[in-house]
Amino acid sequence: MFNIAPSPQSSFSVHGIGVSSGIAIGQAHLVSNALLEVVHYVLPENQVEDEIKRFSDSILTVKKDLEVIRNSLSKNAPAELAAFISTHLSMLADKSLSEVPKEIIHKERCNAEWAIKQQMDDIVNQFEAIEDEYLRERKHDIVQVVERVIKVLLGHPRQAPVKQRENAIILVAHDISPADAIQFKQHHFAAFITDVGGVTSHTAILARSLNIPSIVALQRARDLINDGELIIVDGSIGVVIVNPSKEIWAEYKLRQEQFELEQQKLKRLKSTKAITMDGTVIELQANIEVPEDVTAVRASGATGIGLYRTEFLFMNKREMPDEEEQFQAYKQVAEAMHGLPVTIRTLDLGADKQMNPDTVSDCANPALGLRAVRLCLSEPHIFHTQLRALLRASHYGNIKILIPMLTTLAELRQTKLLLERAKLSLRKQNVPFNENIALGGMIEVPAAAINAEAFAKELDFLSIGTNDLIQYTLAIDRTHDAVAHLYNPLHPSVLKLISITIKAGTKLGKSVAVCGEMAGDAKLTKLLIGMGLRQLSMHPSNVLGVKQQILRSQMVKLNSHARKVLSYSDLEKIEPLVAKFSLQ
Ligand code: PEP
Ligand code: MG
């Protein structure tokens, strides 16, 4: 499959946290932030002409590079690629980029990098005022072209021409915001590695949704790996091998084939019911971020959507999506699932999920700040719009509403009042919707788990968000690489909170699901169903692996085993026991 030869240069490995399994072998593509490296300095009068020449040379170099790339595109390369490079070339030829910076250098006696960056900021501001979304988005092209010029000026190694990169490309970045990652969904990277991040950061969740091997928290990968270098990414154990020897390369090619073979075998389970050997049925549902993810859900054999994270509809936008846009997105998912349940979570913006990737929270602890339902209740018009859109879409499928981050009953009651208000407004307009739409709450704050019975009384179902539940119980920032090794789903206090929630739901006859990342970890499946869970919602790529575990399970054994795990209060005893248990 790959025709890249292993390099004779010295090989080394970098360790991080594997957040999406699988093996990728390919060339590193460094996502730089050269723009951040630009500094300003004033030149002596007699150096201004040389600086202008340095600038003109850099423009010429980038022009030549782009032409080489365009000419080296293979015949099968997507047509948009050539068009994209041509757009960059014409932008480069435009006076605003090739001439105006010279005037700035002249007038301000500043360095070339600074001059072109000033000019770029100016152009980007003008683009931002454009109403047409497509044209407005072209500002990213300007930034990319300018970044190329700045890299040349700063003496960065330039990117290899596309021809040498027809093989797999592995994205190497310092960090990728969830908003960036959602844009990467359009590209075809073979793997995704970053210096920072935690296993359940939203970036990692999105990386998994790209369905490619991913590793985060590598600390210095971007400094250690050169652009275009051959690397191996082993997402299962969180290791990156740079410049592998021939032997290691051959070994990994074999492992990669075996992994893919294993995945093929799992596909045979697609239509098999998830049922234990002694007849207990487990509902396996999927998590999605955008309506397009439904294709992967259907391919996974999941029997519904347990979590649709609607905030991604709000990201990378200058304005909030209106009711119609939201309605269309929710309706599209509901219809595509043909009557299977679609659990749509109301807006969970805030903390690490901002509408705009550049937004910096002014709160010292953003995860404890105005996010999720708190944000919605403080901006009732935003909530009202979304609730109306959800209700309208409920006429076209089996939609359930899920409220994130509930902490107090008062929040739940206010939400119910707003839901009633949205229903009333639709009734008045004779707009059809499901009057009996189910309302569920996420249990992801310890306060809600401890008080789960009270929430279960006033809700139709509960869904445990283990990602946040672990973050808040253990006081560990889920996005912070420095504490990522302390983030442990098997911590006895986390297991106790999950158990309290399951018991509350069972007592009141309300279904309880887990929709955090724990649900998709096949090593935890036996423990979770042993604890009493009958519904798990996960990334579509995990459904078959989890199903395989269920098909190999016997409920009687699982119950007694889970009881034993819950009786321990020492993480060091729990971990080996759960590992042994999952292999039985
Ligand atoms: C969770 O917290 O477990 C969850 C599912 O929500 P999110 O990851 O979107 O915060
Ligand atoms: Mg959450």
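# A guided tour of the barrel and its surroundings

Start by selecting strand 14, residues 461-464. F461 and S463 point one way from this strand, L462 and I464 point the other way, and all are buried. Keep in mind throughout that this is a predicted model.

**Stop 1: the neighbours of strand 14**

Keep strand 14 on screen and add strand 13, residues 438-443. Strand 13 and strand 14 run parallel, joined by four bridges. Pick out I443: its bridge partner in strand 14 is I464.

Now add strand 15, residues 511-514. Strand 14 pairs with strand 15 in the parallel sense, again over four bridges. Click on L462. Which residue of strand 15 is its bridge partner? It is V512.

What holds such strands together? Strands of a sheet pair through backbone hydrogen bonds, and the pairing can be parallel or antiparallel.

**Stop 2: the whole barrel**

Select strands 9 to 16. In what order do the eight strands close into a barrel? The order is 9-10-11-12-13-14-15-16, with parallel pairing. From one strand to the next, the twist averages 25°.

Zoom in on strand 10 (residues 305-309) and strand 11 (residues 341-345). They run parallel, and three bridges join them. Find Y308 and look across to strand 11: opposite stands I344.

**Stop 3: helix 13, lying across strands**

Select helix 13, residues 323-336. Which strands does helix 13 lie across? They are strand 9 (283-288), strand 10, strand 11 and strand 12 (398-403). Helix 13 runs at about 160° to strand 10.

Stay with helix 13 and show the side chain of E323. E323 forms a salt bridge with R392, and their closest N and O atoms are 2.7 Å apart. E323 lies in helix 13 and R392 in helix 15 (residues 380-393), so this pair ties together parts that are 69 residues apart in sequence. Both E323 and R392 are buried.

Next, select E311, R345, D348, R371, D468 and R478 together. Salt bridges that share partners join these six into one network. Remember D468, which returns at the next stop.

**Stop 4: the magnesium ion**

Select ligand 2, the magnesium ion. Which residues coordinate the ion? They are E444, through OE, and D468, through OD, at 2.0 to 2.1 Å. E444 sits in the loop between strand 13 and helix 17 (446-450), while D468 sits in helix 19 (residues 466-474), so the pair ties together parts that are 24 residues apart in sequence.

Are these two residues buried or exposed? E444 has 2% relative accessibility, so E444 counts as buried. D468 has 3%, so D468 counts as buried too.

**Stop 5: salt bridges away from the ion**

The structure has 26 salt bridges in total. Select R54 and E113 to see one of them. Their side chains meet at 3.0 Å, N to O. R54 belongs to helix 1 (residues 48-71) and E113 to helix 5 (residues 112-128), so parts 59 residues apart in sequence are tied together.

Compare the two ends. R54 is partly exposed, with a relative accessible area of 27%. E113 is buried, at 6% relative accessibility.

Then move to K102 and E99. Here the side chains meet in a salt bridge at 3.5 Å, N to O. E99 is partly exposed, with a relative accessible area of 33%.

**Stop 6: helix 22**

Select helix 22, residues 543-551. How many of its nine residues are buried? Seven are, and the helix is mostly covered. The buried ones are V543, L544, G545, V546, K547, Q549 and I550.

Now show what they pack against. The partners are helix 11 (246-267), strand 9, helix 12 (294-300), helix 21 (525-530), strand 16 (535-538) and helix 24 (571-583).

**Stop 7: I241 and the cysteines**

Jump to I241 in strand 8, residues 239-242. I241 is buried, at 11% relative accessibility. Which residues does I241 touch, leaving aside neighbours within four places in sequence? They are S11, F12, S13, L230, I231, I232, I248 and Y252. Look at S13 in particular: S13 and I241 are 228 residues apart along the chain, but their C-alpha atoms are separated by 4.3 Å.

Finish with the cysteines. How many disulfides does the structure hold? Zero. Select C110, which is buried at 0% relative accessibility. Then select C376, which is buried with a relative accessible area of 2%.

Terms used
Residues numbered from 1 in each chain as written. Chains lettered and ligands numbered in written order. Predicted model: local features only at pLDDT ≥ 70, side-chain atom pairs only at ≥ 80, totals over all residues. Heavy atoms only, no water. Pairing = 2+ DSSP bridges. Helix = DSSP H or I, 4+ residues; strand = E, 2+ residues; numbered from the N terminus. Axes fitted to C-alpha atoms, helices over the stretch in contact; angles between N-to-C directions. Contact = heavy atoms within 4.5 Å. Donors = N, O, S within 2.8 Å, 3.2 Å for Na, K, Ca; no water. Buried < 20%, exposed > 50% of the residue type's maximum accessible area, 1.4 Å probe, protein only. Salt bridge = Lys/Arg side-chain N within 4 Å of Asp/Glu carboxyl O. Disulfide = S-S within 2.5 Å.
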